[in-house]
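Colleague: Please show me the model, and let us go through some of the terms used for it.

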Amino acid sequence: MAMRLTCDVVVVGAGAVGAACALYAARAGLDVSVVDRGPVAGGTTGAGEGNLLVSDKDPGPELELALYSAGLWARLADEFGPAIEYEPKGGLVVAKTPGELAALHGLAERQRAAGVDADRVDARELGELEPHLAPGLAGGVLCPQDAQVMPALAAAHLIRASGARLHAGRTVTGVLRGRDGAVRGVRTTQGDIHAPAVVNAAGTWGGELAALAGVHLPVLPRRGFVLVTEPLPRMVRHKVYAADYVADVASDSAALRASPVVEGTAAGPVLIGATRERVGFDRTLSLPAVRALAAGAIGLFPFLERVRALRTYAGFRPYLPDHLPAIGPDPRVPGLLHACGHEGAGIGLATGTGQLIAQSLAGKATELDLGPFRPDRFGTPGTPPTTSGGETP
């Protein structure tokens, strides 16, 4: 016989965002169940590098959320200690040409006005910060607030600390709704879970879950590859990436885009990213993408030409057309909340998202304005999208 369970809120998705939603909802006094068709961190989170970045964001709602989240991550790091491998290593953005450097300095100026620590670094200082960097770079910007966690460990520890009931290997097949249209829980392959609130933290599959509730949320997968080297002594001290990475993040192109992101890890291997392309859920190894990663990394750190790459893996970033996540209550379906569409920033933005969702669930005023993240801002297919704070068409 199928089980029937009851709780205050069902979080669908056991990645970093779902884990943070569960943690903060539980700390707000709610009884939480987490459901995922796979294991904890089995989707995008498990394929991520664990970036907690503010340096790659222009001033605006996403940067505000990133700064808010960074403070929450730092507090969790104090709480969990080394268990989540939190490392406040800082980010070093490098420019190859004077023109790139001028644009980078312009971004840093805007970021500083928004509360980011962004320090100019000249060509000589680059070598002091990263002795193995390629010579001849024009300069860069150092952002000490950038950090990193081990994403799968972080998700697991957040869920464990929440005390939430975890239902892994259980696929959600429907969203239960009452006669008034309000959420009443979820239907799964192993029985119904009844709750007056459902949080869509399904990442790249957030659009599919929204459709089960009868609403449109245009989440698309954006594939990325990561190269992992053999273990090395610590030769890359910061998260180091090229200035054109920022443009690639903001791009709407479906074609392959690659810009080097290189960082060491506590375990020794160097992680090399980042590619972006929209190819659906195709996991096929792309030699052009992997070659672009290797070439870009060697361009920044020539010593990598002599280092073996042990493996590569792919993941799918949950992409929304305006590059902002969907966060908060959905006015189209009472009791449905969304916490998805963070693209490649989901691990970094997870804590802030989870806290804002918990505040919404508890009926409290949220610490950040959720207007720019409205889940109904895209309208329905064939109708104009809504503006932030506007009425649903």
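**Terms and values**

Modeller: Aspartate 192 is found in strand β12 (residues 191-194); a strand is a DSSP run of E, at least two residues, numbered from the N terminus. The model is predicted: local features need pLDDT of at least 70 and side-chain atom pairs pLDDT 80 or more, while totals for chains, interfaces and linings use all residues. Residues are numbered from 1 along each chain as its sequence is written, and side-chain values use heavy atoms, with hydrogens and water left out.

Colleague: Why is aspartate 192 called buried or exposed, whichever applies?

Modeller: Buried means under 20% relative accessible area, exposed over 50%, and partly exposed in between (1.4 Å probe, protein chains only). Aspartate 192 has 16% relative accessibility, so the residue counts as buried.

Colleague: What makes α1 mostly covered?

Modeller: Of its 12 residues, 10 are buried, among them Cys21, Leu23 and Tyr24. A helix here is a DSSP run of H or I, at least four residues.

Colleague: How do you know that the length of helix α1 agrees with its number of residues?

Modeller: The expected span of a helix is 1.5 Å times one less than its number of residues. For the 12 residues of helix α1 (residues 16-27) that gives 16 Å, and the end C-alpha atoms are 17 Å apart, which agrees.

Colleague: Which phi does glycine 29 take, just after α1?

Modeller: Glycine 29 takes a positive phi of about 95°.
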